[in-house]
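Student: I have a model open and want to read its sheets and its empty spaces. Can you take me through it?

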Amino acid sequence: MRKFVWIQLILGLLTAAVLGQALSPEEIAGKVANLLSRMTLTEKIGQMNQYSNKWDMTGPKPEDDAKAYRYNDIKNGNVGSMLNVVGAAATRAAQQLAVDSSRLHIPLIFGIDVIHGYKTSFPVPLAMAATWNPELVEKAAAVAAGEAAAAGIHWTFAPMADISPDARWGRIMEGAGEDPYLASQMVAAQVRGYQGNDLSSENTIAACAKHYAAYGAARAGRDYNSVELSLYSIYNIYLPPFKAAVDAGAVTFMNAFNTLNGIPATGNRFLVKDVLKGKWGFEGFVVSDWSSIAELINHGVAANLKQAAEIAATGMTDMDMESFAYRRHLENLVQEGKVDEALIDESVGRILTIKYQLGLFDDPYKYCSEEREKTQLLTDENRAISRKIAAESMVLLKNSDNLLPLSKDIKSVAVVGPLSNDKDSPLGNWRCQAGADNAVSLLEGIQAIVSPETRINFVKGLDIDNNNVRSFDGKIDVKSVIKAARRSEVIIAAVGETAMMSGEARSRMDVGLPGRQLELLQELNRLGKPMVVVLFGGRPLTIPWLAENVPAILMSWEAGSESGNAIADILFGDVVPSGKLPVTFPYHVGQEPLVYNELNTGRPQLNDQQGFVSKYIDGPKEPLYPFGYGLSYTDFEYENLRLNRPVIRIGEPLRVGVTLKNTGKYSAREVVQLYIRDLVASIARPVKELKAFEKVELKAGESRDVTFILDNKVFGFYNDNYEFIVEPGEFEIMVGGNSVDVMKITCKIVE
Ligand code: BGC
């Protein structure tokens, strides 16, 4: 037995040596300290400099001066990282340039925005959040990491941990929506998926929580705009998903572009030094956003690039993405005593540590495998995972008279609308290497699922593109659409946003259906035929007319490579919808920012009460579809909400039980959501806050007890000093299938 143990041990050590198994943190610290002691100041600052790719890395040295400058910088060890170098061959060539030519042979770290997949595209992050299934989201991130790593990438600029309360903000599609708890779960799942258990593994990449912080609260929903927020909101709403990223082990962070209460997030000492690296003990490194250091000049807090570099470096931004601020000025700033060299050492130490953790010093080329790149991208297996998560992300908004699911043997169906055969829009923005026109279109998905006898009458009737965003834009062919619809039993209309109508710098002031799509739907509706509207988009859309007039509406978001197949799975009943909204769908854009977890006003509007209450005089204050909402083909009933005890002491857990019954005809999944309300507290608390959820699968007729164990943290909040406190008092516990239709029970917390 003993002998066996020894043999095991020796074999283990040998394997570790051969495979270059991960070094211990102490070993890495020793190696980093040693390397740092051998570096010149210029070389150290080089590690803090990140360039984007500007030429074909596999080609000859670029001629143009600006490119040659970058080229020489890589060769001379003045670059620590590159972004947007794509593919195994290109990353290998760039790595070779750095490793072979620079004095200390320090490898580059290659980053890119793997936001919802590398080559296999998954639903956009907002849609993935609609699955309320962190396990599946983790799986998608792991697949994306595997593909990216096979193509030479070490680092993704994801997940976006920004809370997005405003549908106008184009980047709402990149995050998990409006709720800090749901977003924290999604962020942690992505970090786990990208990084796995071992950063040095060939299938994992470093994650980057961005954009730190509060970027999603941009005034008027306009991208890059300033942010003014109370400390209460910063601590309780905007920071938790970032904290979740740290807790899940995210090794990098990215600064945001915005100012936060007058101080730019880039170089923001409070955010980075006091909170992230201080209070939270984050040990990784912080990269600026693209040129966000240089933008300190536009913000009016730096007179020139040199001062911007000083602010960013002393504000503990470790790496400069594309501002050239560190490259040009940091050395002088250190020599002039304006930036302490110890700060540089700390930043470089953090960057080198991640390079060691990735295993790049063992083998700088370990991720650049053209062989793996050929075989491991866009595989059938990866597509199957994408199809599964896509179907699970879709939210059934309306289904009058159980119009859906449709029969696969349907005799005829009209497939109409500008997005019906669109193979590009479902890929969404930030599609990385998915390539244009690569998704399965809705038309293709329907063709593949229905019986060969089904007649599909396909006419688009209207074109929209990224420029057709105003309600009168586009040429419409109502006649042909009506003709196709007349010849069909059911109309399936595909409308919404194209991919480039959301994302960075794509805020909209009207979040209705772009172009003349509503007009097209109104014409079709006059026929009085059953109509299913499939909505595409990267944000909540205002669709009050549809909600009122069209019998079935499915939000398909931008569902990735397998979009059309996944939509068909839902429309024709192979998958029962289980997605729930991670964002409030407003009735009108004028309600924005509209969230479910608002504070009560002094004059809340109860029912239809008029007078001097908090309301609009020209429309409802309620959303069209609330947070957490989504229908199924089956029916669920909630019963017997109960607590293990009505009174608990501070520090004791509370057990909440509810019985969920599937009373319909389909086996299906339901997201059981638990909200709380602190009825009286030292500061005003939200009318509802999501604190737990569970996705439960029940067969038709089955019922199950669902139990949540709430620890005391659930009842607390951060005060203005960023201290977490739990106050005694009465709390409402609410459980249901969305944030509005809930059962209620109260409990008391005593000292
Ligand atoms: C975006 C970041 C992104 C970076 C690199 C910036 O414009 O704000 O989210 O990671 O570009 O592509």
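The questions below go through confidence, sheets, cavities and a pocket.

Tutor: This is a predicted model, where local features need pLDDT of at least 70, side-chain atom pairs count only at pLDDT 80 or more, and totals for chains, interfaces and linings use all residues. Residues are numbered from 1 along each chain as its sequence is written, and side-chain values use heavy atoms, with hydrogens and water left out.

Student: What is the mean pLDDT of the protein chain?
Tutor: pLDDT is the predictor's confidence in each residue, from 0 to 100. In the protein chain, 97% of residues reach 70 or more. The mean is 96.

Student: Over which residues does pLDDT stay under 50?
Tutor: Look for a stretch with few partners listed. The model has 3 contacts (heavy atoms within 4.5 Å) beyond four places in sequence for this stretch. It is residues 1–20.

Student: Which are the edge strands of the open sheet formed by 6 strands?
Tutor: Strands here are DSSP E runs of at least two residues, helices are H or I runs of at least four, and both are numbered from the N terminus. Two strands pair if DSSP finds at least two bridges between them. The order is β11-β16-β15-β14-β12-β13, with mixed pairing. Each edge strand pairs on one side only, and these are β11 (395–399) and β13 (455–459).

Student: In β15, which residue stands opposite Ile491?
Tutor: β14 (residues 490–496) and β15 (residues 531–536) pair in the parallel sense over 6 bridges. Opposite Ile491 in β15 stands Met531.

Student: At about what angle to β13 does helix α19 run?
Tutor: Axes are lines fitted to C-alpha atoms, for helices over the stretch in contact, and angles run from 0 to 180 degrees between N-to-C directions. Helix α19 (residues 478–486) lies across β12 (412–416), β13 and β14. Its angle to β13 is about 170°.

Student: In β6, what is the bridge partner of Cys208?
Tutor: β5, β6 and β9 form an open sheet in that order, with parallel pairing. β5 and β6 (residues 252–255) are joined by 3 bridges. The partner of Cys208 in β6 is Thr252.

Student: Which strands does helix α11 lie across?
Tutor: Helix α11 covers residues 269–279 and runs at about 145° to β5. The strands it crosses are β5, β6 and β9.

Student: How much space lies in the largest cavity?
Tutor: On a 1 Å grid over the protein atoms alone, a cavity is a set of points where a 1.4 Å probe fits but cannot get out; lining residues have an atom within 4 Å of a point. Grid points are joined across faces, edges and corners, and a volume is the space filled by probe spheres set on the points. The whole structure has 6 cavities of 30 Å³ or more. The largest holds about 90 Å³.

Student: Which elements give two or more residues to the lining of the second largest cavity?
Tutor: This cavity has about 60 Å³ of space. Its lining includes Pro125, Met128, Met186 and Gln190. The elements are α6 (125–129) and α8.

Student: What is the volume of the second largest pocket?
Tutor: A pocket is an open set with protein on both sides within 12 Å along at least five of seven lines. This one is lined by 30 residues, with Tyr181, Ser184, Pro240, Lys691 and Lys713 nearest its centre. Its volume is about 800 Å³.
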